[in-house]
Amino acid sequence: METKMHRFSAKAVFSVVLAAMLAVSMLALTGCSGSGDTQYSEDQIVKVDVGYWGGTCEAPLYVAYEKGFFQKYGIDANMVKITSGSSQFLADAGDGAAIFEATPNFLPAIANGLDVKYISEVHTGCIQACATAASGVTSVKDLEGKTVGTFTANDMGQIFLSKAMINAGADPSTVTWVAEGNIGTMMKAAANGEIVAFCNFDPYVEVCTQYFDGQYVEIFDNATDPNFKDMTCCFLAGNNTVYSDPDVAKRVASAVNDACAWIDENPDEAADIISGNNDSGTTYCTPSAALLSAFGVDESKANDSNLHKDLIENYTWGNVSEEHFKNSLK
């Protein structure tokens, strides 16, 4: 059954994000990656629920678990697939430690009481936007006065796309934004002319622009746009049990940062790991061939492609600096 699309007016999302950032005390733990085989005694080991949605860009969480980086820092990681939202995931963790990847659109929720803080950077990239070729839209500037789809209201796709429009001299307040969490429904809306473009987290826009024979035109990619390519879009977030204990926060951040460095050197193996070729037997992301086939891509073309590897190679992984951390949020 198709998901009903929800329309909402454009808002001053940047002032909301900035105000939320000023209202939150953030703990930036950059450059804290450990070295060597650190040993922890049994009473030093901390159990941590590691929440994930199943995206390619959450690869450091999967790799930190599968390659033993959590274990290296005395973290007993419990991998938890988030199915009912971050608030429920945190509630289920209770007084236990919990971490997950979060984008800056969590800042208003944090300012309003969501009990998490960002403790390190994870990567740049992972948000793209495309337009239908039939719409005649070829750039973000062409979106003025148009109807555009986004995953959720005021999410990072809308924030990035709005800022990109401003940079191009266009007014995002003229856009009618349509929130739709089901990519199939969004693509159908685009095909029917109900929206001219949409933005989403990887890998969906990448699939549309690379595998649908010219039906879609890429109009934004924050991994390559000169104004955004060096800007972090995913951060490591921890609940109170994590951020109130600097040692635990540093250890989980170090484990994820080590995983980022490993991914940078081993994109092929990382793509295999997140697709289920790992010791635990967990399939974190739908394998590339199966994902492309589900979108109707020709089987031979799907089998010859490695979508996850291509995306992993587009991102810049790991921590940079405290200044970079704060500037990315702004």
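**Helix 11 and its neighbours**

Okay, so the protein we have up here has 15 helices and 11 strands. Keep in mind that this is a predicted model. To give you a feel for the whole thing before we zoom in: of the 330 residues of the protein, 52% count as buried. And if you take the contacts with a separation of 6 or more, 81% of them are accounted for by residues 24 or more positions apart.

I want to spend my time on a few helices, starting with helix 11. That's residues 267–274. Which residues of helix 11 are buried? They are Pro267, Ala270, Ala271, Ile273 and Ile274. Now look down the axis of helix 11: those buried residues fall within an arc of 160°, so they line one face of the helix. And what covers them? The cover includes helix 2, helix 10, which is residues 246–265, and helix 14. Just past the end of helix 11 you'll find Gly276, and its phi is positive, near 110°.

Let's take two of those neighbours in turn. A quick reminder on vocabulary: two packed helices are described by the angle between their axes and the distance between the axes.

Helix 2 comes up first. It runs over residues 59–66. The axes of helix 2 and helix 11 come within 10 Å, and they cross at roughly 85°. That makes helix 2 roughly perpendicular to helix 11. If you want to find the spot on the screen, look for Ala59, Tyr62, Val63 and Glu66 on the helix 2 side, meeting Ala270, Ile273 and Ile274 on the helix 11 side. By type, the residues of that contact are 6 nonpolar, no polar and 1 charged.

While we're on helix 2, how many of its 8 residues are buried? The count is 7, so helix 2 is largely enclosed by the rest of the structure. The buried ones are Ala59, Pro60, Leu61, Tyr62, Val63, Ala64 and Glu66. So Glu66 is on the buried list, and Glu66 also turned up in the contact with helix 11. After helix 2 comes Gly68, again with a positive phi, this time near 85°.

On to helix 14, residues 307–314. Helix 11 and helix 14 pack at an angle of about 125°, with their axes 9 Å apart. That makes helix 11 oblique to helix 14. The crossing of these two is right-handed. On helix 11, the residues making the contact are Pro267, Asp268, Ala270, Ala271 and Ile274, and on helix 14 they are His308, Lys309, Ile312 and Glu313. Sorted by type, that's 5 nonpolar, 1 polar and 3 charged.

Helix 14 has another partner I'd like to show you, and that's helix 8, residues 204–211. How do the axes of helix 8 and helix 14 cross? They come within 11 Å and cross at roughly 110°, and that makes helix 8 roughly perpendicular to helix 14. Helix 8 passes helix 14 in a right-handed crossing. The contact is made by Glu206, Val207 and Tyr211 from helix 8, along with Leu307, Asp310 and Leu311 from helix 14. Here the split is 4 nonpolar, no polar and 2 charged.

So, to put the picture together: helix 11 lies roughly perpendicular to helix 2 and oblique to helix 14, and helix 14 in turn is crossed by helix 8. That's my tour, thanks!

Methods:
Residues numbered from 1 in each chain as written. Predicted model: local features only at pLDDT ≥ 70, side-chain atom pairs only at ≥ 80, totals over all residues. Heavy atoms only, no water. Axes fitted to C-alpha atoms, helices over the stretch in contact; angles between N-to-C directions. Helix = DSSP H or I, 4+ residues; strand = E, 2+ residues; numbered from the N terminus. Parallel < 35°, antiparallel > 145°, perpendicular 65-115°, else oblique. Left-handed = near helix turned anticlockwise from the far one by under 90°. Contact = heavy atoms within 4.5 Å. Nonpolar A, V, L, I, M, F, W, Y, C, P; charged D, E, K, R; others polar. Buried < 20%, exposed > 50% of the residue type's maximum accessible area, 1.4 Å probe, protein only. Arc of directions from axis to C-beta.
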